[in-house]
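Trainee: Could you take a close look at one part of this model with me, and then follow the trail outward to its surroundings? I would enjoy one long, connected answer.

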Amino acid sequence: MHLKPFRLERYFAKYEFTAPFLLCTSDSESMSLGELLAMEPDAERRFQALWLGYTESLGDPELRREIAALYDTVSAEHVLVHAGAEEAIFNFMHVALEPGDHVVVHAPYYQSLGEVALSIGAHVVPWRGDPERGWALEIDDLVPLLTPRTKLVVVNFPHNPTGFLPSAAFVGELAALSKQHGFITFADEVYRGLELDPSRRLPGFVDLDERAVSLGVMSKAYGLAGLRIGWIATHDRELYRKMAAFKDYTTICNSAPSEFLAALALRNAAGIIQRNLEIVRSNLDTLDAFFAEHARWFDWQRPPAGTVAFPRLKGTDVDRFCADLVERAGVLLLPGTLYEPGLNHFRVGYGRRNLPQALNQLASYLATS
Ligand SMILES: Cc1ncc(COP(=O)(O)O)c(C=O)c1O
């Protein structure tokens, strides 16, 4: 196994805790432990009484029940809890793939969704969205990519970095194609719940296809990245059993305080999502106005869901622009080249409350450039 550096994480490692204005983060605004515990009358006392021994390897049963309730056909036995979505991606790829397997990945992609497969010796090909149409994917573009060795199709709805969200009809077609061809669909749904129009929320892929795997996490829609609680949900018993056994070599089991707090948050999910959607809506309005005023610099398309968008920078080289911006104005944007060479786009994140201040800084920078 040879894993290349995770470009986005290396970039964040350099700036995340030093740049004053993070304008490209993908999580929702977080909250304090006290705020979360205040959501239930007795939570503080129960948290204090929590036992800090090893926990159940599959995940706390109560937490797994809360996670299962996010889907229509899932019960606790189909849910396997991990240390963030990141561990779940790593473990899933190692269990599902062998060298020489063929994998199709929705592109541009969050690096680990393709990189782990590559490190195992799989052939990875991109299934690319069309930037001219809100980064929309077409099933007709997927069909010619499939080969008899295609083991896996990886999708990410709502999408990082573009915010693309397909229709329910589209995911129905994809599920039908998966059944017909025999590939597994790995659906990264970590931004699910943050649809601006709630009627556009897609079913979890696990509810559409009995061989599919849905990936979720507390970090994005719930804003609780520091808990490091993620999960997979699948009806495939064999895959589930193998992933549970693989986890014995990664984290064995999860942090008890994090599991307690994640279950508490999920019992109060509606309120937390509502709060995060309010921040997202207000930030998107601010971004619409900002990009309308600075149309000379950027091409902007308002995304339908999630916390990230992927505008195009006109004329100027995006790597140089982002480097100069963070050096001179302390505003961190994520150049698209961290996703794929040649993209003159950048990721902007709109889940955090301080977006208006960060945009003011960016506007001042533009005024002097
Ligand atoms: C699409 C996608 N999948 C998975 C992850 C990993 O989530 P976590 O860092 O909470 O494990 C991220 C984080 O940015 C992501 O954007």
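Mentor: Happy to. Let's begin with S258, which sits in helix 10, spanning residues 256–267. Keep in mind that this is a predicted model. S258 has a relative accessible area of 10%, and because the cut-off for buried is under 20%, S258 counts as buried. Once its neighbours within four places in sequence are set aside, S258 is in contact with L227 and I229.

Those two contacts give us a way outward. I229 brings us to strand 8, residues 229–234. Strand 8 is part of what covers the buried residues of helix 4, and so are strand 2 (79–83), helix 9 (237–246) and helix 10 itself. In helix 4, which runs over residues 61–68, the buried positions are L63, R64, E66, I67 and A68. A general point helps when you look at such a pattern: an α-helix has 3.6 residues a turn, so residues three or four places apart point the same way.

Now to the ligand. R228 has a polar side-chain atom 2.9 Å from an oxygen atom of the ligand. In the side chain of S219, an N or O atom is 2.5 Å from a ligand oxygen atom, while for S26 a polar side-chain atom lies 3.4 Å from an oxygen atom of the ligand. On its own the ligand has 390 Å² of accessible area, and the protein covers 93% of that. The space the ligand takes up is the largest pocket. There are 15 residues around the ligand, and those that come nearest are N160, D188, Y191, S219 and K220. By element, helix 5 (residues 84–96) gives the most to this shell, with four residues.

Helix 5 also leads us on to helix 6, residues 112–120, as it is one of the elements that the buried residues of helix 6 pack against. The others are helix 1 (7–15), strand 3 (102–107), strand 4 (123–128), strand 5 (150–156) and strand 6 (184–188). Helix 6 is mostly covered, with eight of its nine residues buried: S112, L113, G114, E115, V116, A117, S119 and I120. Just after helix 6 comes G121, with a positive phi of about 100°.

From strand 6 we can step into the loop that joins it to strand 7 (213–217), where G204 has its place. G204 is buried, at 0% relative accessibility. Not counting residues up to four places away in sequence, G204 touches Y71, E189, R192 and S214. For a sense of span, the C-alpha atoms of G204 and Q48 are separated by 34 Å, with their positions 156 residues apart along the chain.

For contrast, finish at K179 in helix 8, residues 168–181. Its relative accessible area is 54%, and K179 is exposed, because the threshold for exposed is over 50%. K179 still touches L208 and D209, leaving out residues up to four places away in sequence. With L208 the contact includes the backbone oxygen, which the K179 side chain reaches at 3.2 Å. The C-alpha atoms of K179 and Q301, 122 residues apart along the chain, are separated by 34 Å.

So the walk started at S258, buried in helix 10, and ended at K179, exposed in helix 8.

Key
Residues numbered from 1 in each chain as written. Predicted model: local features only at pLDDT ≥ 70, side-chain atom pairs only at ≥ 80, totals over all residues. Heavy atoms only, no water. Helix = DSSP H or I, 4+ residues; strand = E, 2+ residues; numbered from the N terminus. Buried < 20%, exposed > 50% of the residue type's maximum accessible area, 1.4 Å probe, protein only. Contact = heavy atoms within 4.5 Å. Near = heavy atom within 4 Å. Polar contact = N/O pair within 3.5 Å; in protein donor to acceptor, adjacent residues only side chain to side chain. Areas by Shrake-Rupley, 256 points an atom, 1.4 Å probe, with all protein chains shown as cover. 1 Å grid on protein atoms, 1.4 Å probe; cavity = no way out; pocket = protein on both sides within 12 Å on 5 of 7 lines; lining within 4 Å. Sits in = over half its atoms within 2 Å of the grid points.
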